[in-house]
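Hi there,

Here is the structure I promised to pass on. Have a look at it first, and then read my notes below.

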Amino acid sequence: MTSTSPPAGLRHLHSGKVRELYQTDGGDLLMVASDRISAFDHVLSTPIPDKGRILTQLSLWWFERLAGVVANHVLSTDVPAELAGRAVICRKLDMFPIECVARGYLAGSGLTDYEATGTVCGVPAPPGLLDGSQLPEPIFTPATKAPMGEHDENVSYDVVVATVGAEPAAELRSLTLAVYGAARDIALERGIVLADTKFEFGRTPDGQILLADEVLTPDSSRFWPADQWQPGHPQASYDKQYVRDWLTSPASGWDRHSGEKPPPLPDDVVAATRARYVEAYEQLTGEPFA
Ligand code: Q0N
């Protein structure tokens, strides 16, 4: 299922790389996950069958498991039949324009920053850490959303304070670290290292801060198989490794720095990638993906 035709009569509110948001007649939102996949900052032309359903169901599982730590924006999964399993009705919130990132391990832009400055996005870190090392304690490394196709920009905590105010900034940091810590413990029990993850929060009219968006999926997080975790080199991506390996191999004929669009994926890469999403779902939840 890959269709992104707008649900009948609903007002389109926001397009992400792989998700669409609509406003319902009642003023709530309909969030629809597609089967699209992105790699190297491109949305690929080949969908991954069931990806939208897998990530939606995984996010719902997490929301339930984390309900004691933070309330969330989900209202219902009662959606039009053609969107079954890959859409949710959620509360329309006043969103904080901040990507709330928690990092427990060194990777990605955190690693790049550490190697250049010895700090991780402005937060001091001890010397001697390697690619993939666990940090002494999880840190909050906020970012602001970049236009599509660009990387999010890491910002200092002071910028968060200047953007949302001191009290909300402290609450966002504290919630981000609390949710990350709870999710990291759950994931590790299932043999998965949750290296880092990104949350979005919004506020209700009465001032309550709720966890929004889709959470703790391979699209918003780095998951590493715990039994293969070994600091000192890049950890294999749980979900997109086959896609990245093929796109950077001579077989694809594509140069990621050419400015050209990536080519369509071969069937075996699609199948292996779908299997990785299913495996992430099943390993985390302990349930078969129906
Ligand atoms: C919403 N995005 C993704 C904030 C926007 N529950 C909600 N209510 C209102 N708006 C949104 C949600 C959700 N989920 C989420 N756009 C609108 C883009 N983010 C980027 C960071 O800043």
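**What surrounds the ligand**

The ligand has 15 residues around it, and the closest are His73, Arg91, Leu93, Glu200 and Asp213. Please keep in mind that this is a predicted model.

Three polar contacts involve nitrogen atoms of the ligand, and I will take them one by one. From His73, a polar side-chain atom sits 3.0 Å from a ligand nitrogen. Leu93 takes part through its backbone instead: one of its polar backbone atoms is 2.8 Å from a nitrogen atom of the ligand. Asp213 also uses the backbone, with an N or O atom 3.1 Å from a ligand nitrogen. On its own the ligand has 480 Å² of accessible area, and the protein covers 87% of that.

What kinds of residue make up this shell? Sorted by class, there are seven nonpolar, two polar and six charged residues. The shell also draws on two domains: domain 1 (11-90) and domain 2 (94-243) each give at least three residues to it.

**The second largest pocket**

There is also a pocket that you may want to look at, the second largest one, with a volume of about 170 Å³. Two elements each give two or more residues to its lining, namely strand E12 (134-140) and helix H4 (166-189). Which of the elements provides the largest share of this lining? That is E12, with four residues.

If you would like to colour the lining of this second largest pocket, select Cys121, Gly122, Val123, Glu137, Pro138, Ile139, Phe140, Pro142, Ser156, Tyr157, Arg173 and Leu177. By class, eight of the lining residues are nonpolar, two are polar and two are charged.

Cys121, one of those lining residues, has another feature to check. Its phi is near 55°, a positive value in a residue that is not glycine. Most residues other than glycine have a negative phi. You will find Cys121 in the loop that joins strand E10 (119-120) to strand E11 (123-124).

**Cavities inside the protein**

How many cavities of 30 Å³ or more does the structure hold? There are two. The largest cavity contains about 80 Å³ of space. Its lining consists of 15 residues, and those nearest the centre are Met31, Thr56, Ser59, Val88 and Glu214.

Strand E3 (29-33), helix H1 (51-65) and strand E7 (87-90) each contribute at least two residues to the lining of the largest cavity. H1 gives the largest share, four residues. In terms of class, the lining of this cavity has eight nonpolar, three polar and four charged residues.

**One more backbone angle**

Phe40 is another non-glycine residue with a positive phi, in this case near 50°. Phe40 belongs to the loop between strand E4 (38-39) and strand E5 (42-43).

If you open the model, I would begin at the ligand, with the side chain of His73 and the backbone atoms of Leu93 and Asp213 in view. From there you could move on to the second largest pocket and the strand E12 residues in its lining, and finish at the largest cavity, where H1 supplies four lining residues.

Happy to talk it through whenever suits you.

Best wishes

Methods:
Residues numbered from 1 in each chain as written. Predicted model: local features only at pLDDT ≥ 70, side-chain atom pairs only at ≥ 80, totals over all residues. Heavy atoms only, no water. 1 Å grid on protein atoms, 1.4 Å probe; cavity = no way out; pocket = protein on both sides within 12 Å on 5 of 7 lines; lining within 4 Å. Points joined across faces, edges and corners; volume = space filled by probe spheres on them. Nonpolar A, V, L, I, M, F, W, Y, C, P; charged D, E, K, R; others polar. Near = heavy atom within 4 Å. Polar contact = N/O pair within 3.5 Å; in protein donor to acceptor, adjacent residues only side chain to side chain. Areas by Shrake-Rupley, 256 points an atom, 1.4 Å probe, with all protein chains shown as cover. Domains from an automatic or database assignment.
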